[in-house]
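Let's take a walk through this structure together, one group of strands at a time. Have the viewer ready, and follow along as the text moves from hairpins to sheets to charged pairs.

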Amino acid sequence: MYDREGGIGSVYDAKSKSYPLTDTNLKYAGEIFEQNGQFGIALKGNGLIMVDPIYEELDFRDNGLIEARRNGKYGILDPLGLECISCDFDGVRHITSHLEGDDAFISATKNGEATIYRLDEYDGYIDAVKLFTTPCYVREVCEEVGVDYKFIARGDYSEFIIDENGEALTSTYQYESIDYDPDTKTYRGKRDYDNEWENITLSE
């Protein structure tokens with residue numbers, strides 16, 4: 001497994017030999033291997049073990065994150081193979097984001113509720129920052145205003161806009177669906193009662 005000593009990752013094989021990795025080649029350094037029906041990650045080229053074969057599923061994402069399943073529960077591994085979101089959830093998914101940069105947002109569901117995380121990267125390491133927990137389906141990160149974010153969420157029959165604390169910024173029943181234009185940073189809502197679209201103005 002990796003360690004974080006000195007800001008450098010080290011990969012250990014079964015004989016405890018280490019292989020130093022710089023931050024520039026952490027992402028995509030490994031490949032998935034199978035052992036006794038379980039999956040781990042080994043360093044490309046020499047097979048040194050980065051992540052022990054303890055997972056039932058591993059799936060690389062485009063940003064270097066790894067979706068994992070262990071003991072029937074799901075979580076997220078960072079590019080070092082460390083669990084930045086523990087394998088304790090019924091499901092995890094990436095939320096569509098209109099924000100610039102490498103920030104990723106994850107919805108991790110458990111017992112009918114979704115916990116929303118922002119994943120911050122520092123020198124190859126990922127920290128999962130918990131934003132809020134909600135019973136609603138959060139499908140989209142729209143914009144960042146100062147240190148706050150706005151999301152589009154869906155309840156049983158309607159969509160609405162929420163802030164990074166999970167508080168509704170619009171009516172929770174008025175719109176059948178909501179669209180966001182990242183170029184103009186404007187919202188439109190399709191009214192539930194007549195299926196007509198209207199512009200949405202958010203109060204500051």
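A good place to begin is a hairpin: E16 and E17 form one, with four residues between them. Keep in mind as you look that this is a predicted model. Strand E16 covers residues 148-154, and five bridges join E16 to E17 in an antiparallel run. One pairing to pick out is that of Ile152, whose bridge partner in E17 is Ile161.

How many of the residues of strand E17 are buried? Strand E17, residues 159-163, is mostly covered, with five of its five residues buried. In a regular strand, side chains alternate between the two faces of the sheet. Here, Glu159, Ile161 and Asp163 point one way from E17, while Phe160 and Ile162 point the other way, and all are buried. So burial on E17 takes in Glu159 and Asp163 as well as Ile161, on the side to which these three point, since a residue counts as buried when its relative accessible area is under 20%.

Glu159 also leads us on to charged partners. Arg139, Glu140, Arg154 and Glu159 are linked in a network of salt bridges. Side chains of opposite charge can pair when their charged atoms come close. By the distance rule used here, the count comes to 12 salt bridges.

Let's visit some of the others. The side chains of Asp90 and Lys73 meet in a salt bridge, with an N to O distance of 2.6 Å. Asp90 sits in the loop between E9 and strand E10 (91-94), whereas Lys73 belongs to strand E8, so this pair ties together parts that are 17 residues apart in sequence. Both partners have some access to the surroundings: Asp90 is partly exposed, at a relative accessible area of 38%, and Lys73 is partly exposed too, at 30%.

Lys73 is a handy doorway into the next piece of the fold. Strand E8 (residues 73-77) runs antiparallel to strand E7 (residues 66-70), and five bridges join them. Lys73 has a second role in this picture, as the bridge partner of Arg70. Zooming out, E7 and E8 belong to an open sheet of four strands in the order E6-E7-E8-E9, with antiparallel pairing. Its edge strands are E6 (57-60) and E9 (83-89), each of which pairs on one side only. Neighbouring strands of the sheet are turned by 15 degrees against each other on average, direction ignored.

Now look at the loop between E7 and E8, where Asn71 lies. Is Asn71 buried or exposed? Asn71 is exposed, with a relative accessible area of 65%. Its backbone deserves a glance as well. Most residues other than glycine have a negative phi. Asn71 has a positive phi, near 55 degrees.

Another asparagine with a positive phi appears at the turn of a further hairpin. E3 and E4 form that hairpin with two residues between them, and Asn36 in the turn has a phi of about 55 degrees. The strands themselves, E3 (residues 30-35) and E4 (residues 38-43), pair in the antiparallel sense over six bridges. Within this pairing, Glu34 stands opposite Phe39 in E4.

Further along the chain comes Asn195, in the loop between strand E19 (186-191) and strand E20 (197-200). Asn195 has a positive phi of about 60 degrees although it is not a glycine. At 42% relative accessibility, Asn195 counts as partly exposed.

This part of the chain has salt bridges of its own. Glu198 and Arg191 meet through their side chains at 2.9 Å, N to O. Glu198 is partly exposed, with a relative accessible area of 22%, whereas Arg191 is buried at 14%. A further salt bridge joins the side chains of Asp179 and Arg188, at 3.8 Å, N to O. Asp179 counts as partly exposed at 35% relative accessibility, and so does Arg188 at 37%.

Last, the cysteines. How many disulfides does the structure hold? The structure holds zero disulfides. For Cys87, the nearest cysteine sulfur is that of Cys84, 9.7 Å away, and a disulfide would need the two sulfur atoms within 2.5 Å. Cys87 counts as buried at 15% relative accessibility, and Cys142 counts as buried at 2%.

Definitions and conventions: Residues are numbered from 1 along each chain as its sequence is written. This is a predicted model: local features need pLDDT of at least 70, side-chain atom pairs count only at pLDDT 80 or more; totals for chains, interfaces and linings use all residues. Side-chain values use heavy atoms; hydrogens and water are left out. Buried means under 20% relative accessible area, exposed over 50%, partly exposed in between (1.4 Å probe, protein chains only). Two strands pair if DSSP finds at least two bridges between them. Axes are lines fitted to C-alpha atoms, for helices over the stretch in contact, and angles run from 0 to 180 degrees between N-to-C directions. A salt bridge is a side-chain nitrogen of Lys or Arg within 4 Å of a carboxyl oxygen of Asp or Glu.
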